[in-house]
Each structure stands twice: as structure tokens, then as C-alpha cells.
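Student: I've got a structure open and a pile of labels for it. Can we go through what earns each label?

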Amino acid sequence: MILLDGKKTAQEIRTELKTAIDKLKTEGKKTPGLAAILVGTDSASEIYVNSKAKDCNEIGMKTVTEKRDASISESELLELIESYNKNKDFHGILVQLPLPKHIDEDKVIEAISPQKDVDGFHPMSVGKLVIGKETFRSCTPAGIQELLIRYNIETKGKHVVVLGRSNIVGKPIANIMLQKKEHANSIVTICHSATKDISSYTKQADILIAAIGRAKFVKADMVKEGVVVVDVGINRVDDATAKKGYRVVGDVDFDEVSKKASYITPVPGGVGLMTRAMLLKNTYTAYLKYGK
Ligand SMILES: NC(=O)c1ccc[n+]([C@@H]2O[C@H](COP(=O)([O-])OP(=O)(O)OC[C@H]3O[C@@H](n4cnc5c(N)ncnc54)[C@H](OP(=O)(O)O)[C@@H]3O)[C@@H](O)[C@H]2O)c1
């Protein structure tokens, strides 16, 4: 079994981006920038935004975090986004979700210029992905494909079974793997909560991508020998022996399934870190395409 090491791979990506940004600086050129908008004081959101800022600092990417009180009005938030749409120093805009209930998330996502949509959630980006055009792809699915590429995992003609159909993971990764393109071109099956006898699908998977948010849902008897497993799940389970009283596990029972898998991502240390790295990569791409 080979570990699909998200920590190492994400570090490789950050190093590549840092080299590219250092070169721009040496040449006296403009450099890429990411604007993050955080509304309210949700602790998980704060952690995410802080870690994204830390990543930017590590690679020398310009970044700003706009923190706003949860009472901000929808129109004030839309104005803030518009100011960054116009700001030529920032090439990517990230609005940390979820937003307070009085704000329409769809409106906010649609307010971000598709040229700065580094999270890949704008309907324009999603639509382009579905019809196979070059576009920003949301960071988690983009990170999954990048991991498969960097470990030279064959995807053409392989059966990819995706568990989960959310707009941020399940649907976009299914669309990416379906593309008639290099590093994709797979046969794709999507399972969800209405799927009966889910094992009958997972057992067929050459590549299994689990994104359902159910701790250790996938067991060894649900997969075939040699399967490639990508575990997207992030689930907290009580653990009195852990310092925080809990630990984080994936949607896959790693101890069991790793004995049958040819490749598998750990949780933590897998897809989560790739997601962060792809945000940086998307911002660099936005700069190259639209921002110089
Ligand atoms: N590593 C990362 O960077 C990253 C990024 C995003 C999310 N995540 C994690 O990935 C997991 C999924 O996230 P998400 O945002 O996609 O979740 P979500 O929006 O809650 O969607 C969950 C999906 O799983 C399906 N599902 C739930 N229980 C199921 C079951 N027992 N059998 C089959 N399908 C089931 C749901 O089906 P229905 O559509 O029928 O309800 C839904 O499509 C979570 O643990 C989340 O924390 C990790």
C-alpha cells in the first residue's frame, strides 16, 4: 500500500509556487494576491481563513483578510466584494462559508467576478466545468485530481465511484473525472443517501472517492483488492485519550481498508492539505490569466 501523502504533495506545490513568485519579485513584476472575507466569529471558519493566510505568507503571496461582524448587511458585503472585483492587486477572492442566515449565499457567490473565482463556486465556473471548458475548479476536487496525477495513477477507463453529491466535492469531482481529457476519462458512478446496497457499487470501484461526512463508513468488505482510495471526510469522534477529547477520522476505516488498498489518503494529512494548496494554485492561475 502506498500512502497518498497530501502533506508532502501540498508542500511540493507550495514550494513550486514560492519559486515562481520569488522570480516575479526578482524581476520587479507584480505578484499574485488573495483577498479573504470572513463574516462573523465561527471558530472553524476563523481557523480556515487563518491557515489560508499563513499559506499565502509562506509562499510570498500577497493576502488580506477582511473581517466583518456577523451583523453586516447583504448589500454591504456585496459592496465589499465589488471593491475587490475592481482591485487590481488581488487576483483571487474567497468568501468563507457559511454566511449568517440573513445573507443569501448564492447572491454572494455570484457577486464574485468569475475571473477571481478561485474557490470555483460561481455558476459560471461550474457550468464551464460541466461542458469541459478551462475554468477554476473548486479546490477540494482539484486537489484530489492533482494527488492522482502526482502519484501517476491511471484514470482513463477506470471506474471511479464517488460517495456524496455535494456541490463542493461530490458533483465537481465526478464532473472532473468524467472529462474526456488527460488525467480523467473515467467511468463515473455517484452514490448518495438514496443509494440502496451501496457496497455493490463500492466493490466495483478502481478508484473510490468518499465524501459523505460519516466516520469510518467504508469498511474493508466494501472494496476490492487493489482499490485506490481517496478519503475526503473530516469527522470528529470522541477520544478520551486525545488532548482535545476528540480526534479526526475520515469516511473510510483506514486501518481496515488500507490492508486492501493499493493507494490510500490518510485523514488528516490527505485531501484537506491539498485543498489549501489548490487555493494558492488557483490564485496564481488567476494572476497569470487575468492579472498581470
Ligand atoms: N478535506 C477537505 O478539504 C474537505 C472539503 C470539503 C468537505 N470535506 C468533508 O467531506 C465530507 C463531505 O462534505 P460535503 O460538504 O460534501 O458534505 P455534504 O454537503 O453534507 O454532502 C454529503 C453527501 O453525502 C451523502 N451521504 C450522506 N450520508 C450518506 C450515506 N450514509 N450513504 C451515502 N451517501 C450519503 C449525501 O447524500 P444526499 O445528497 O442524498 O443528502 C450528500 O450527497 C465531510 O466530512 C466534510 O467535512 C472535506
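Tutor: Sure. Keep in mind that this is a predicted model. Let's begin at the ligand: a backbone N or O atom of Val232 lies 3.4 Å from one of the ligand's nitrogen atoms.

Student: What makes the approach of Val232 to the ligand a polar contact?

Tutor: A polar contact is a pair of N or O atoms within 3.5 Å. The Val232 atom is a backbone N or O, its partner is a nitrogen atom of the ligand, and the distance is 3.4 Å, so the pair fits the cut-off of 3.5 Å.

Student: Which polar backbone atoms of Ile234 and Gly272 count, and at what distances?

Tutor: For Ile234, a polar backbone atom is 3.0 Å from an oxygen atom of the ligand. For Gly272, a backbone N or O atom lies 3.5 Å from a nitrogen atom of the ligand. As for cover, the ligand taken alone exposes 920 Å², and the protein buries 71% of that.

Student: How many residues surround the ligand, and which are the closest?

Tutor: There are 21, and the closest are Arg165, Ser166, Ser193, Ile234 and Thr275. Helix α10 gives the most to this shell, with 3 residues. By kind, the shell divides into 9 nonpolar, 10 polar and 2 charged residues.

Student: On to rings. Why is the pair of Tyr84 and Phe90 called edge-to-face?

Tutor: The structure holds 2 aromatic pairs. In the pair of Tyr84 and Phe90, the centres are 5.5 Å apart and the planes make an angle of 80°. Rings pair if their centres lie within 6.5 Å, and planes over 60 degrees apart count as edge-to-face, so this pair passes on both points.

Student: How do you know whether Tyr84 and Phe90 are buried or exposed?

Tutor: Buried means under 20% relative accessible area. Tyr84 has 7% and Phe90 has 10%, so both count as buried.

Student: And what makes Tyr284 and Tyr287 a stacked pair?

Tutor: Their planes are 25° apart and their centres 6.2 Å apart. Stacked asks for planes under 30 degrees apart, with centres within 6.5 Å, so the label fits. Tyr284 and Tyr287 are 3 residues apart in helix α10 (residues 271-291), which separates them by about one helical turn. With a relative accessible area of 16%, Tyr284 is buried, and Tyr287 is buried too, at 1%.

Student: How do you know that Arg236 has its charge over the ring of Tyr246?

Tutor: The charged end of Arg236 sits 4.1 Å from the centre of the Tyr246 ring. The distance cut-off is 6 Å, so 4.1 Å is inside it.

Student: What about the peptide bonds? Where are the cis ones at Pro98 and Pro268?

Tutor: One joins Leu97 and Pro98, with omega about 0°. Pro98 lies in the loop between β4 (92-95) and α4 (105-111). The other runs from Val267 to Pro268, with omega near -5°, and Pro268 is in the loop between β11 (263-264) and α10.

Student: What is the phi value of His183, and why is His183 called partly exposed?

Tutor: Phi is near 65°, a positive value in a residue other than glycine. Its relative accessibility is 35%, and partly exposed covers what falls between the 20% and 50% cut-offs, so His183 gets that label. You'll find His183 in the loop between α7 (170-178) and β6 (187-191).

Student: What does Lys216 have for phi and accessibility?

Tutor: Lys216 has a positive phi near 50° and, at 29% relative accessibility, counts as partly exposed. Lys216 lies in the loop between β7 (207-210) and β8 (228-231).

Student: One last stop: why is Thr189 called buried?

Tutor: Its relative accessible area is 19% and the cut-off is under 20%, so Thr189 counts as buried. Thr189 lies in strand β6, and its side chain makes a polar contact of 2.7 Å with the side chain of His159.

Methods
Residues are numbered from 1 along each chain as its sequence is written. This is a predicted model: local features need pLDDT of at least 70, side-chain atom pairs count only at pLDDT 80 or more; totals for chains, interfaces and linings use all residues. Side-chain values use heavy atoms; hydrogens and water are left out. Rings of Phe, Tyr and Trp (its six-membered ring) pair if their centres lie within 6.5 Å; planes under 30 degrees apart count as stacked, over 60 as edge-to-face and the rest as tilted. Buried means under 20% relative accessible area, exposed over 50%, partly exposed in between (1.4 Å probe, protein chains only). Helices (H or I, at least four residues) and strands (E, at least two) are DSSP runs, numbered from the N terminus. A charge sits over a ring if NZ of Lys or CZ of Arg is within 6 Å of the ring centre and within 35 degrees of the ring normal. A residue is near a molecule or strand if one of its heavy atoms lies within 4 Å of it. A polar contact is a pair of N or O atoms within 3.5 Å; within protein, one must be able to donate a hydrogen and the other to accept it, and residues adjacent in sequence count only if both atoms are side-chain atoms. Accessible areas come from the Shrake-Rupley method with a 1.4 Å probe; for residues, only the protein chains shown count as cover. Ala, Val, Leu, Ile, Met, Phe, Trp, Tyr, Cys and Pro count as nonpolar, Asp, Glu, Lys and Arg as charged, and the others, Gly among them, as polar.
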